[in-house]
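User: Please take one part of this model and look at it closely, working outward from there and saying along the way how far the prediction can be relied on.

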Amino acid sequence: MQQASHSRPDNAALPRSGARTVPAICRLCPAHCGVLATITDGRLTEVKGDPENPLFKGYTCPKGRALPELHNESNRLLHSQKRLSDGRHVPIPVETAMDEISAKVRRLVETYGPRSVAVYTGTNGQPYPASASIGNAWLRALGSPMFFTPNTIDQPGKQIAGTASPHRY
Ligand code: SF4
């Protein structure tokens, strides 16, 4: 979650132990509802609607209120992982992962050209708004036009084609 600007106490000034509740936004979907997040001894323990948020007036959906379960889920991916040839995943330092990926991408581009490298960002790009822009810029630097999203691969393509075509699908 991203801290929202608000007239209530500055998050940095709040104690790190015990329970504290801070205004924030839910980034699970593009609605970005205003929420109140309670952190107890460093763990997110409650998320509820912020009644003082002028736009949402305390609204959240069940997914937003379930954010503590998501944050505290024991299977949550918290570190870089490498898939081994037998299918297992093992932790890998992010610097090592970047070096290995970089070497593979370089080999692909040298062997097959820039179009052999593509990026797809799905709905989960929403929590990290910069990811699509960074992915796009990286592809442009490589010289590849192969940037895909749900808009290019999923159902919206049919609607666009249907609107443009005299023969409806
Ligand atoms: S609370 Fe629900 S509707 Fe609001 S941003 Fe989160 S997921 Fe979206």
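Analyst: **The loop and its surroundings**

His32 sits in the loop that connects β2 and β3, and this loop is a good place to begin a reading of what is a predicted model. The backbone of His32 has a positive phi of about 50°, even though the residue is not a glycine. Most residues other than glycine have a negative phi. Is His32 buried, exposed or partly exposed? It counts as partly exposed, because 18 C-beta neighbours lie inside 10 Å, while the buried class requires 20 or more.

His32 also belongs to the residues around the ligand, which are Cys26, Leu28, Cys29, Ala31, His32, Cys33, Thr60, Cys61, Lys63 and Gly64. Sorted by class, this shell contains 6 nonpolar, 3 polar and 1 charged residues. Leu28, itself a member of the shell, is in contact with Lys63, Gly64 and Pro127 once its neighbours within four places in sequence are set aside. Of these partners, Lys63 and Gly64 are also among the residues around the ligand.

Which residues make up the largest nonpolar core? It consists of Ala24, Cys26, Leu28, Cys33, Val35, Ala37, Ile39, Val47 and Leu67, 9 residues in all, and strand β3, which covers residues 34–40, supplies the largest share of them, 3 residues. In soluble globular proteins, nonpolar side chains tend to be buried together. Cys26, Leu28 and Cys33 are members of this core, and Cys26, Leu28 and Cys33 are also listed around the ligand. The core should nevertheless be seen against the whole chain, in which 8% of the 169 residues count as buried.

On one side of the loop is strand β2, residues 19–25, to which Ile25 belongs. Ile25 counts as partly exposed because it has 19 C-beta neighbours inside 10 Å, whereas a buried residue would need 20 or more. Its C-alpha atom is 9.9 Å from that of Val47, although 22 residues separate the two along the chain, and Val47 is one of the residues of the largest nonpolar core.

Beyond β3 comes another loop, between β3 and β4 (43–49), and Asp41 is found there. Asp41, like His32, has a positive phi, near 50°, in a residue other than glycine. Asp41 counts as exposed because it has 10 C-beta neighbours inside 10 Å, so the two loop residues fall into separate burial classes.

A more distant stretch of sequence also comes into this picture. Thr123, in the loop between β7 (119–120) and α4, lies 9.4 Å from Pro30, C-alpha to C-alpha, across 93 residues of sequence. Thr123 counts as exposed, because it has 11 C-beta neighbours inside 10 Å. Helix α4 itself, residues 130–142, reaches 18 Å from its first C-alpha to its last over 13 residues, close to the 18 Å expected at 1.5 Å a residue, and it is followed by Gly143, whose phi is positive, near 90°. Within α4 lies Gly135, which is partly exposed because 18 other C-beta atoms are within 10 Å of its own. Leaving out residues up to four places away in sequence, Gly135 touches Val119, Thr121 and Phe147, and its C-alpha atom is 8.5 Å from that of Tyr120, which is 15 residues away along the chain.

As for the setting, the protein has 6 helices and 8 strands, and 30% of its contacts between residues at least 6 apart in sequence join residues at least 24 apart. Helix α3, residues 94–112, spans 26 Å over its 19 residues, close to the 27 Å expected. It lies largely in the open, because the number of its residues that are buried is 0. Gly113 follows α3 with a positive phi near 95°.

How far can the prediction be relied on? The mean pLDDT of the protein is 85, and 83% of the residues score at least 70. Among the elements, α3 has the highest mean pLDDT, 97, and strand β1, residues 2–3, has the lowest, 46. Over residues 2–7 the pLDDT stays under 50, and the 11 contacts beyond four places in sequence that the model has for them should be read with that in mind.

Conventions
Residues numbered from 1 in each chain as written. Predicted model: local features only at pLDDT ≥ 70, side-chain atom pairs only at ≥ 80, totals over all residues. Core = buried A, V, L, I, M, F, W, Y, C linked by C-beta atoms within 7 Å. Buried ≥ 20, exposed ≤ 12 C-beta atoms within 10 Å, placed from the backbone. Helix = DSSP H or I, 4+ residues; strand = E, 2+ residues; numbered from the N terminus. Contact = placed C-beta atoms within 7 Å. Near = placed C-beta within 6 Å. Nonpolar A, V, L, I, M, F, W, Y, C, P; charged D, E, K, R; others polar. Expected span 1.5 Å × (residues − 1). pLDDT = per-residue confidence, 0-100.
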